[in-house]
Amino acid sequence: MTLFTKCPICGGELVEKEVEKVLKGGSNTAIVRVKAEVCQHCGERLYPPETVTHFEEIRKKLSNEDVGEFEPVGKTYQVA
């Protein structure tokens with residue numbers, strides 16, 4: 001999956017990890033577990049192009065209320 005040998009932000013070492021990404025679309029939110037290259041110095045996450053495309057598809061479904069295939073895991077609240 002390596003896209004870069006060093007972090008493009010700070011030059012730090014990249015390590016592949018499984019991470020959780022929060023995606024929002026309209027008033028809906030989804031949490032997705034994916035693999036990413038994570039900088040050991042600054043924490044920057046780098047995702048492969050196919051993962052970014054997947055994020056865009058999920059955001060579109062969230063915006064369109066097309067969430068039938070998603071598993072509900074609780075409720076989200078906004079605190080002012």
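What volume does the largest pocket have? The legends below start there.

**View 1. The largest pocket of a predicted model.** This is a predicted model, where local features need pLDDT of at least 70, side-chain atom pairs count only at pLDDT 80 or more, and totals for chains, interfaces and linings use all residues. Side-chain values use heavy atoms, with hydrogens and water left out, and residues are numbered from 1 along each chain as its sequence is written. The largest pocket comes out at about 740 Å³. Here a pocket is an open set of points on a 1 Å grid over the protein atoms alone, where a 1.4 Å probe fits, with protein on both sides within 12 Å along at least five of seven lines; lining residues have an atom within 4 Å of a point. The volume is the space filled by probe spheres set on those points, joined across faces, edges and corners.

**View 2. Who lines the largest pocket.** Of its 22 lining residues, Thr 29, Ala 30, Ile 31, Glu 71 and Val 73 sit closest to the centre. Strand 1 (14–25), strand 2 (28–39) and helix 1 (49–63) each give two or more residues to the lining, and strand 2 gives the most, with six. Helices (H or I, at least four residues) and strands (E, at least two) are DSSP runs, numbered from the N terminus.

**View 3. The aromatic pair, Tyr 47 and Phe 55.** The structure holds one aromatic pair (ring centres within 6.5 Å). Tyr 47 and Phe 55 meet edge-to-face (planes over 60 degrees apart), at 5.1 Å centre to centre and 80° between the planes. Both Tyr 47 and Phe 55 are buried, meaning under 20% relative accessible area (1.4 Å probe, protein chains only).

How values were computed. Phe/Tyr/Trp six-rings, centres within 6.5 Å; stacked < 30°, edge-to-face > 60°. Buried < 20%, exposed > 50% of the residue type's maximum accessible area, 1.4 Å probe, protein only.
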